Amino acid sequence: MKFNRLLSVFTAAVVSLPCMYIPQVSALSSDLFYNFEEDEHDIYIPDFPQEVLDAFDIDWTGLGFNRHVEPTEFTIDGAHHKFTYDGGYAMYNYQNELRTMCVLVNWYDCNSFSASQTKDYPTPEFFSYNHPKLSCRLNCDITKEGELTAGTLLTLNGGKDELFIIEKHTDSTAFPEKEKIGSYSSEYSEYDLYKEASGDDSVSRYYAVNSASYGPFTEYCVDINDHLSALSGNGVKVDTLDKYTSLVCGKEGRGDIFFESYIKTDPTPLPSEKLVTDEEGHPYTYHHNIVKNLDGTYYSFRTSDSSAPITELENGRYEITPHEDNSWFTPHGNGGFTTQVTDGMTSTVLAGKEYDDGTSLTDHNFRLNYEYSISDPDIIPSAYVWLTDPSRRYIFSDRKIPDYDSLNQYLGTISLPEGDFDLYGTGDSNLEISPDGERPTFEYLFTRHTDDTAKPEPDAVVKGSYPIYALIQAAVKFGVDSGNVKRITFGTACYSKGYKLDVIKNEIAEDAVSVLDQYDPANSYADVPLFDTVNLPPYSYSMSGNQDSCTMTARDNGCFTGKAMGKKSSFIANYNNKVTYDPYHDVIMKYKADIKMNGEHNLVYSLYIPDKKDYNVTRNVHIIEENNELPISERTYNFSGMGNTLTDDDFELIKTYEANGHKYDLYYNYSKYYGCFNTNITESYICVRKDQPKGTETEGTINLSEHLKQIDALAEKSIDLNLIELTITGTDGTAELLMNEVENPVRSEPQPVAGDINLDGCIDSLDVISAKKAIINSAEPGKNLDVNKNGTFEVADVVLLQSYVLGKITSFPAE
């Protein structure tokens with residue numbers, strides 16, 4: 001049974017669960033998923049005593065391919081694993097990805113055991129320059145005392161020296177004979193430094209032993225520079241940091257240990273080195289991994305054995321597929337390069353530029369111009385842009401992966417002179433080394449809005465350009481942040497595939513004139529999924545209806561286009577910025593629409609206003625500007641679930657009034673829901689415009705105060721509106737919302753409200769205090785002071801105001 005590894009660049013790579021393997025992600029590749037063959041197969045359960053199986057948590061499901069109960073040594077996904085034991089029983093379980101190593105070891109009465117996971121350090125000679133640190137998490141459960149040491153092993157100077165930083169050890173651990181050569185502090189811990197006495201002069205091993213030793217569970221940081229500085233201070237010159245290893249070893253006893261670590265570095269650009277050429281002036285070809293700054297260009301060439309496919313054998317065991325790595329990389333300078341990656345290798349091949357922390361994207365109109373050819377068109381070279389504070393990464397690609405929509409969040413589409421780009425939010429971990437070693441806080445993908453099936457021919461030359469600045473700045477409307485640029489690169493990051501890539505042009509340019517000068521915000525849009533929400537701050541959009549009977553495209557200016565195809569559908573735009581309605585502020589809504597609907601349809605503004613004193617009471621206000629045959633009862637909402645609902649479906653016509661140059665009928669509806677734990681009351685006020693617009697186009701300006709003053713329960717309230725909803729509902733045809741604006745201006749002549757003594761827009765205990773001070777100061781009577789409307793301001797007004805604030809009365813006397 002063949003078991004092909006997951007190939008998604010846009011799926012999170014690792015969840016740190018010691019008993020569960022979640023595969024590492026790849027890069028932009030058309031192969032997305034593991035292929036599971038559902039045929040019958042054997043389950044492997046080792047021939048261990050039952051008490052050992054129980055201790056190792058091995059049940060009837062058997063062992064996955066990342067759990068080993070026999071000594072083994074292998075390389076997979078850029079990490080070298082080695083597991084040995086003698087006597088007794090032991091099990092090794094691993095997890096790793098680009099940044100993280102995760103080791104789980106169980107042991108049971110072994111004479112000795114050792115488990116290690118090793119990675120190459122990407123910039124061996126510049127370890128002191130980018131200040132590497134390891135964030136570690138250690139969880140140890142010892143059920144029977146024995147010897148145990150756990151920590152980080154650093155391989156130095158091309159393998160001539162080793163430093164084992166021991167963070168966890170048992171009291172009974174007997175260390176090899178060694179000579180103490182010093183002591184030092186790092187990360188609030190004290191370490192004793194020893195040199196191991198050995199007859200083997202090829203490798204000198206040193207031990208840095210945490211004098212306290214950590215308890216059963218701890219999280220800590222290993223500052224590698226601190227430890228290597230201490231080693232150098234004791235006469236050991238350190239030129240290179242070649243590898244770092246998570247190492248657990250011991251003997252006898254019983255227990256298990258979970259040891260996770262990931263590396264992070266300072267986001268400092270690498271120092272520039274000269275591009276190496278041969279005697280004939282041709283660029284040097286590398287047959288090993290490099291991360292370098294060559295003549296001002298950042299180059300990263302990293303390959304590792306994917307060990308895929310992983311084959312499940314007939315006995316329930318697994319077998320990886322090792323590959324010989326014959327990959328090579330030739331940098332040409334100025335961002336160009338040629339590379340050949342061997343099939344079966346996981347690869348990252350990128351070139352570009354690094355920037356210091358002060359390079360703001362808003363000050364630099366970056367554009368990446370590229371030209372390349374690739375042997376496998378399924379692999380899509382892309383641009384990668386890193387921003388800092390917080391760490392964010394943006395990917396720019398000519399095509400998206402098939403089925404990408406189902407794996408990530410579509411945010412919208414941006415229209416520029418260069419064409420349309422779809423924007424996605426993603427959780428891609430990718431194979432690229434981040435500037436600081438951390439996972440990005442946010443990741444976004446821009447892909448050209450093209451036919452996803454269109455691919456170039458193998459080795460065909462592809463040319464293009466990514467307007468980096470313009471896209472990121474335009475994407476701010478979709479909630480995407482800008483910031484300081486840390487790195488811009490172009491190339492590939494691919495899992496388990498061989499290919500040849502020739503990057504002919506890789507130019508990071510700055511446009512003299514911002515292309516945003518040609519950018520029309522109304523050209524950015526998002527296709528709204530059914531019963532889902534698309535956010536284009538300050539607006540959000542949603543659509544309800546039936547599958548395949550409606551579509552909606554939202555713009556980033558509050559407008560949208562909706563299409564209903566024979567079944568009733570509603571298209572909704574919500575304004576989500578807080579606005580205030582009170583005696584001192586107006587709320588103005590402006591709209592323009594072209595509604596070409598056959599049969600019933602309407603255009604409605606809706607406000608949902610919770611009662612400030614009773615959260616179980618909500619007052620809804622619906623202003624129906626256009627209505628064609630739709631019953632107004634559709635604007636009320638019944639609660640559902642356990643309990644009983646009492647709804648008066650009859651709408652009481654309260655009054656007819658004039659507002660904004662039109663006459664409106666005001667209807668009232670009351671509904672009560674009796675639930676298991678409380679009772680919810682909804683009061684609906686529906687304002688129906690009597691003179692309906694003629695033709696398909698309609699527009700208007702609504703001053704909210706002219707409607708709310710007609711509703712006694714809301715007329716003199718101070719109301720914070722966190723949402724203003726505009727809905728167009730119809731059955732067959734299109735609805736084009738062309739303008740949707742909300743304003744919250746200060747009134748030119750604010751009218752004081754009785755009881756609002758301090759003029760803050762609400763009536764509360766602060767007004768009682770202000771009223772008492774006004775009595776002492778013999779203030780002149782005013783509308784806000786004279787709450788009993790007798791023409792004077794006196795103690796009786798203060799008493800009445802206090803009764804209102806305490807809830808003893810709910811209104812003041814009328815004029």
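Guide: Rings of Phe, Tyr and Trp pair if their centres lie within 6.5 Å. Keep that cut-off in mind for this predicted model.

Visitor: Which residues form one aromatic cluster?

Guide: Pairing rests on the distance between ring centres. A search of the whole structure finds 31 aromatic pairs. One aromatic cluster consists of Y370, Y372, F396, F446, Y466 and F490.

Visitor: What kind of aromatic pair do Y539 and Y541 form?

Guide: Two values describe a pair of aromatic rings: the distance of the centres and the angle of the planes. For Y539 and Y541 the centres are 6.4 Å apart, and the planes make 35 degrees. Stacked needs under 30 degrees and edge-to-face over 60, so the rest count as tilted. The pair of Y539 and Y541 is tilted.

Visitor: Are Y539 and Y541 buried or exposed?

Guide: The cut-off for buried is under 20% relative accessible area. Y539 and Y541 are both buried.

Visitor: How much of the protein chain do buried residues make up?

Guide: The protein chain has 815 residues. Its secondary structure comes to eight helices and 48 strands. The buried share of the residues is 53%.

Visitor: Which strand gives the most to the lining of the largest cavity?

Guide: The largest cavity holds about 30 Å³ of space. Its lining includes W386, L387 and T388. Three lining residues come from one strand, residues 382-388. That strand is β26.

Visitor: How do the residues of that lining divide into nonpolar, polar and charged?

Guide: Pro, Trp and Leu count as nonpolar, Asp and Lys as charged. P267, D436 and K486 are among the lining residues. The division is four nonpolar, two polar and two charged.

How values were computed: Residues numbered from 1 in each chain as written. Predicted model: local features only at pLDDT ≥ 70, side-chain atom pairs only at ≥ 80, totals over all residues. Heavy atoms only, no water. 1 Å grid on protein atoms, 1.4 Å probe; cavity = no way out; pocket = protein on both sides within 12 Å on 5 of 7 lines; lining within 4 Å. Points joined across faces, edges and corners; volume = space filled by probe spheres on them. Helix = DSSP H or I, 4+ residues; strand = E, 2+ residues; numbered from the N terminus. Buried < 20%, exposed > 50% of the residue type's maximum accessible area, 1.4 Å probe, protein only. Phe/Tyr/Trp six-rings, centres within 6.5 Å; stacked < 30°, edge-to-face > 60°.
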